[in-house]
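Reader: I have a model on my screen and want to learn how to read it. Please take me through the features one by one.

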Amino acid sequence: MAIECLVLGAGQEVGKSCVVVTINGKRIMFDCGMHMGYLDDRRYPDFSLIPRNAAEDFTSSLSCIIITHFHLDHIGALPYFTEVCGYKGPIYMTYPTKALAPLMLEDYRKVMVDRRGEEEQFSSKDIVECMKRVTAVDLKQTVQVDKDLQIRAYYAGHVLGAAMFYAKVGDAAMVYTGDYNMTADRHLGAAQIDRLHLDLVITESTYATTLRESKYVREREFLKAVHNCVACGGKVLIPSFALGRAQELCMLLDDYWERMNLKIPIYFSAGLTIQANVYYKTLINWTSQKVKDSYATRNPFNFRNVCKFERSLINAPGPCVLFATPGMISGGFSLEVFKQWAPDEVNLVTLPGYCVAGTVGHRLMSAKTPTQVNIDQNTQIDVRCQIHQLSFSPHTDAKGIMDLIKFLSPKHVILVHGEKPKMESLKGKIESDFDMQCHVPANNETVSIPSTHYVKADASSAFLKSTWSPNFKFVTERSRGNLITDDMDMISKPVLRVRDDRVAEGILTTGKHQNPKIVHLKELVHTSGLETHDVQFALCFPVRITKMDEQQQLNPVSQESLPFLHQLFLKLSNNFSEATIQESDQNLQIESFIVSVCSKEKCPHRMNDGPDSTYEAVHFCCTWSGADEKLARNVISFMKNLVLNKC
């Protein structure tokens, strides 16, 4: 059976993450986000594309919804989908996400409806009713959604409570990463996941081609920019989401202010972030090990130099630092402050994370100051302040994505949550480095990949007996070490080795109304009356030889004074170091490939093309089975380019 992946959001873009995966008859919606850059029908995923029969509603067409974390581009459409579209089925997320999501959703609703006068998409009551349907899960807790579908959450870093989710139905299994960070920061640890047998990984690719500098370099650059601004009397606006980067940067600034004994105020915009800090203190076990270790002596989220910001202080004289939401300056208090502070060239706006296309933050990232920014159809702002962009994003970079894919080694990869040109570049690297199929679907496209299906098979007693019996081989091998020594005995002395080449070889048989069964080859031949046929290949060809020069003749232990077969053994050992080469007086053997010096004048396997007839040559006869055809081609090609010394 196939795994069907319908990308309803974050396909070749960042925003409104939503992927509907059908795996062995079970349909899961991963994330239900909104796009922060749109106010029209592109704001939400097109839920009408979810497969369902005419009589089905969303509840019966979906097995469950899984939310990876509380950011609005992953959860912003959930109350609309449950309370307006009518989904009443199970919803899963981690405990911190369940605690913090209502704060994010209500804050967004207030900004859009109460302050900007937008049409209400969902009410406060809708948020409350939606969250009643949520089942919270612990990390690494296996949840049996129904008798066939099981899910498991893994720590993703990124923000408090963020999780990657593993889903398994029958033999088919996959991981949906959501957003994650492979590098620990000041307040969260790095993503952690078990090594799993997977058909598919769906991974974010926000920074598909970015390799970040070290954390310490980025922190030093950020602190320098902020300090220079306030030292000159300027105001610093740090647009950030209330949960995640705000805590990270507050910890950094609070520590720096203590060390530098600075008295300039650092402000939080009132409300949401203050509430968020309470949750961070409560959910300390979801933070980094460093935070947990320091918690016994002092809660690192009790900031000494950070205080609540009052709206009346917007135009107050003197320098300050202000954290204001939302992070992309898409509206709310950060936009209100930006309008007031942007025209003054002494001020600074520092953008610490990714900004979605369509937001003011995104336009600032690509602009050169001074410039003009259109806020809406009726509002234009003269931007003369400094714009400073730092990579303080909680997303992993290109190396982190590649490291995760290498570790999990799935059969297929789907990239979402990124920009198309960069995703295409990463796709090519994944396919070339890991030899696995990678897909980059656009929104509303479906990708179908084959899934694993294991078949239980019986085994005959003859087959089982063949696996129990030892298959000892006594072979003489020579050392592959440095054979140029003063001791001639060390060169030619053979070493006897014993190997057990026990291999389980059988034939899978099936029949009508019968279970599959593995039988021994001889057993199958006997019961079916078939004749056995062994296919062998043979080739005899010349290899050029030349006389030794005087210096070689004076050196009695030179490799070139050895017999042709041993010279060949030494050269093959150097070039095919991973292969086991067995040497006897008559031949060399690698797997089924056997080579010997041919002394026949008219060998039936001899080919005429080889060294020029003016040169002397020695002929080698080779035989091998069809299973080692590739090995034989490589060895023969290597041998034809050799020059051996005449004994």
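Author: We go from the whole chain to two sheets, their helices and two loop residues.

Author: This is a predicted model, so local features need pLDDT of at least 70 and side-chain atom pairs count only at pLDDT 80 or more, while totals for chains, interfaces and linings use all residues. Residues are numbered from 1 along each chain as its sequence is written, and side-chain values use heavy atoms, with hydrogens and water left out.

Reader: How many helices and strands does the protein have?

Author: Helices (H or I, at least four residues) and strands (E, at least two) are DSSP runs, numbered from the N terminus. The protein has 19 helices and 33 strands.

Reader: What share of the residues counts as buried?

Author: Buried means under 20% relative accessible area, exposed over 50%, partly exposed in between (1.4 Å probe, protein chains only). Of the 647 residues, 49% are buried. The accessible surface (Shrake-Rupley method, 1.4 Å probe; for residues, only the protein chains shown count as cover) comes to about 31,300 Å². Carbon and sulfur atoms hold 48% of that surface.

Reader: What do the contacts say about sequence distance?

Author: Contact means heavy atoms within 4.5 Å. Take contacts between residues at least 6 apart in sequence: 72% of them join residues at least 24 apart.

Reader: Now the sheets. In what order do the strands of the 7-stranded sheet come?

Author: The general idea is that strands of a sheet pair through backbone hydrogen bonds, either parallel or antiparallel. Here two strands count as paired if DSSP finds at least two bridges between them. The order is β7-β8-β9-β10-β11-β20-β21, in an open sheet with mixed pairing. β7 (142-144) and β21 (437-439) stand at the edges with a single partner strand each, so one side of each has no neighbour in the sheet. From one strand to the next, the twist averages 20 degrees. Axes are lines fitted to C-alpha atoms, for helices over the stretch in contact, and angles run from 0 to 180 degrees between N-to-C directions.

Reader: Which strands pair with β8?

Author: β7 and β8 pair in the antiparallel sense over 3 bridges. They form a hairpin with 4 residues between them. T142 stands opposite R152 in β8. β8 (residues 149-155) also runs antiparallel to β9 (residues 163-169), joined by 7 bridges. Q150 stands opposite K168, and Y155 has A163 as its bridge partner. In β8, 6 of the 7 residues are buried.

Reader: Which helices pack on this sheet?

Author: Helix α12 (residues 398-408) is one of them, touching β9, β11 (200-204) and β20 (412-416). The direction of α12 makes about 170 degrees with that of β11. Helix α13 (residues 420-434) lies across β20 and β21, at about 165 degrees to β20.

Reader: What is the sign of phi at S409 and D435?

Author: Most residues other than glycine have a negative phi. S409 has a positive phi near 50 degrees, and D435 has a positive phi of about 55 degrees. S409 sits in the loop between α12 and β20, and D435 in the loop between α13 and β21. S409 is partly exposed, with a relative accessible area of 47%. D435 is exposed, at 71%.

Reader: How is the 6-stranded sheet ordered?

Author: This open sheet runs β29-β30-β31-β32-β28-β33, with mixed pairing. β29 (582-583) and β33 (643-645) are the edge strands, each with a single partner, so one side of each is left without a neighbour in the sheet. β30 and β31 run antiparallel, joined by 3 bridges. I590 has F593 in β31 as its bridge partner. α18 lies across β28, β29, β30, β31, β32 and β33, at about 135 degrees to β33. α19 also packs on the sheet, touching β28, β30, β31 and β32, at about 15 degrees to β28.

Reader: Where do the buried residues of α19 fall around its axis?

Author: The buried residues of α19 are A632, V635, I636 and M639. They fall within an arc of 100 degrees, so they line one face of the helix. The arc is that of the directions from the helix axis to the C-beta atoms. Their cover includes β28 (536-546), α18 (564-575) and β32 (617-625).

Reader: Is α18 mostly covered or mostly exposed?

Author: Mostly covered: 9 of the 12 residues of α18 are buried. Among them are F564, L568 and L572.
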